[in-house]
Amino acid sequence: MKPFFCILSAFFLLLGLSVCSAQAAESGDAGQPSSAPKAKILVAYFSATGTTRTLAEYAADFLDAELCEIVPETPYTPADLEYYTGCRADQEQADPAARPAILGDMDHLAQYDVILLGYPIWHGQAPRMISTFLERYDFSGKRIVPFCTSHSSGIGSSDTDLHALAPDAVWHSGTRFAGDTSREEIEAWAANLELTPSAVFDLERRTVLLNSGYEMPVNGLGTYSLHGDVCIDAVKSALASGVRLIDTASAYGNEEEIGQAIREAISEGTVRREDVFVTTKIYPGDEMEAPEQSIQSCLDRLGLEYVDLLLLHHPDRNDVRAYLAAEQFVRDGKIRSLGLSNWYVEELETFLPQVTVTPALVQNEIHPYYQENDEIPYIQSLGIVVQGWYPLGGRGHTEELLNDPVILEIAAAHDVSSAQVILRWNLQKSVAVIPGSSNPEHIRENTELYHFSLTEEEMSRINALDRGEKHDWY
Ligand code: NAP
């Protein structure tokens, strides 16, 4: 029987991780993209007769994934599988609480982004062995792709019934294969799976590697409502304080000021163009109806040669067309990465199949009173970075949030401000932040997020503040 896990493969995985970090470091220095991150995939399967094993091997070969057999402590004999005779399989499947023991351990599971989970169908369900496997390990944030083999029955609810056993995983819909499925059929299925890894925040470098291959700072300055000299001063103050991401939008009416502030900071020697990550957005309606023109106008108003990230500000009837137009700007080198704003699971599921370039980022309202805990893991599991707007609750709501007793208590424990606690909470959830401010003291404070960290208990206490309370309509 095969061992349950393989030390050698864990070693190579670790090696792969360090190569990846080195690439990210290079990309940041040169302002050039590294190759898009690849998901670390495990094909885990249980196979009593060898049918599921063959298909698992095809998938692992094709995806260059680790293969791992889930091995029962007591092997199933042919007599154990004589269905409808009161055999062992009949008894286990009739008992939802049955948890047949499995051999070995799998400590390196934490390193995988995606788990393809293969099993045969027994009495319309996954064998209880799979329940043992799912309950034994922590699958939080991992993408699980179930596949099953059967001679006649379909997948039924065998995949969805498993969700409750790993509720914090992101479940892909399951696929059933006939026992004689060919290698080519498995390869075609595997080729169509969305298997980009969740982006990992590097809090030492204060960046995240986007799926476009570009590094993005994980904290920045929001500039909604900043205009004229106030805007120019805020951006220059942010750059002087070490902020390296500026978020604007055509709708904010301040792209010219943003461009001017960055150009001035470059000529004053504060930063180089490649040190600053500039995000802008085009708006629904007229702008998305004529996307080529509106994107070019953003570029012209900013006057910074290229834009690091262009977002579609909201869903719109012309959003797919606008995004496809933006893809051409990426090919032309005028835009580096693309993303979406105010897009949720339902909108993403409709939108993604219609575009060629997977968005690098989704920017949505996120703060302790509106946490989007159902949306964030799904978006992250697609390898898309989540960035929160209104991180401090948004103008008009900051006072209540910054004076929340839980936040105040945690802030006092770390000798930091409430704003710093909230921003750090986001970063520890791998959510990038763009607090808005025109106050140089606040701007500096909002960058000082890396000298302390919140404990698991503190994270849970802030997580418990969620009220589903949206502070804007979109
Ligand atoms: P916010 O960041 O939640 O809150 C900004 C407010 O917080 C300002 O009144 C600011 O006042 C205050 N503040 C900032 N830092 C502080 C600190 N350290 N201590 C105390 N108060 C502090 O709301 P926002 O600026 O409206 O939103 C953030 C950014 O998200 C926007 O600027 C924009 O870039 C983006 N956004 C995007 C969308 C979208 O649809 N994609 C929608 C809304 C916003 P001071 O100026 O006095 O510091």
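A cavity, as I use the word today, is a set of grid points where a 1.4 Å probe fits but cannot get out. A pocket, by contrast, is an open set. By this rule, the count comes to 1 cavity of 30 Å³ or more. Keep in mind that this is a predicted model.

Let's take that cavity. Its volume is about 40 Å³. What lines the largest cavity? Gly220, Leu221, Ala238, Val243, Pro435, Ile443, Asn446 and Thr447 do. By class, that lining has 5 nonpolar residues, 3 polar ones and no charged ones.

Now the ligand. Where does the ligand sit? The second largest pocket holds it. In that pocket lies about 640 Å³ of space. The lining counts 32 residues. Nearest the pocket's centre are Tyr390, Gly394, Arg395, Pro435 and Gly436. Two elements, α13 and α16, each give two or more residues to this lining. Sorted by class, the pocket lining has 13 nonpolar, 16 polar and 3 charged residues. Pro435 deserves a second look. It is among the residues lining the largest cavity, and Pro435 is also one of those nearest the centre of the second largest pocket.

Next, the shell around the ligand. How many residues surround the ligand? The number is 30. Closest are Asp247, Ser341, Gln363, Ser437 and His442. The shell divides into 11 nonpolar, 15 polar and 4 charged residues.

On to individual contacts. Start with His442. An N or O atom in its side chain is 2.6 Å from an oxygen atom of the ligand. The backbone takes part too. A polar backbone atom of Gly393 is 3.4 Å from a ligand oxygen. For Gly222, a polar backbone atom lies 3.5 Å from an oxygen of the ligand. How much of the ligand's accessible area does the protein cover? On its own, the ligand has 900 Å² of accessible area, and the protein covers 91% of it.

Which elements give two or more residues to the shell around the ligand? They are α13, residues 398–402, and α16, residues 440–445. His442 falls within the α16 range.

To recap: one ligand, in the second largest pocket, with 30 residues around it. That's my tour.

Definitions and conventions. Residues are numbered from 1 along each chain as its sequence is written. This is a predicted model: local features need pLDDT of at least 70, side-chain atom pairs count only at pLDDT 80 or more; totals for chains, interfaces and linings use all residues. Side-chain values use heavy atoms; hydrogens and water are left out. A residue is near a molecule or strand if one of its heavy atoms lies within 4 Å of it. A polar contact is a pair of N or O atoms within 3.5 Å; within protein, one must be able to donate a hydrogen and the other to accept it, and residues adjacent in sequence count only if both atoms are side-chain atoms. Accessible areas come from the Shrake-Rupley method with a 1.4 Å probe; for residues, only the protein chains shown count as cover. On a 1 Å grid over the protein atoms alone, a cavity is a set of points where a 1.4 Å probe fits but cannot get out, and a pocket is an open set with protein on both sides within 12 Å along at least five of seven lines; lining residues have an atom within 4 Å of a point. A molecule sits in a cavity or pocket if more than half of its atoms lie within 2 Å of its grid points. Helices (H or I, at least four residues) and strands (E, at least two) are DSSP runs, numbered from the N terminus. Ala, Val, Leu, Ile, Met, Phe, Trp, Tyr, Cys and Pro count as nonpolar, Asp, Glu, Lys and Arg as charged, and the others, Gly among them, as polar. Grid points are joined across faces, edges and corners, and a volume is the space filled by probe spheres set on the points.
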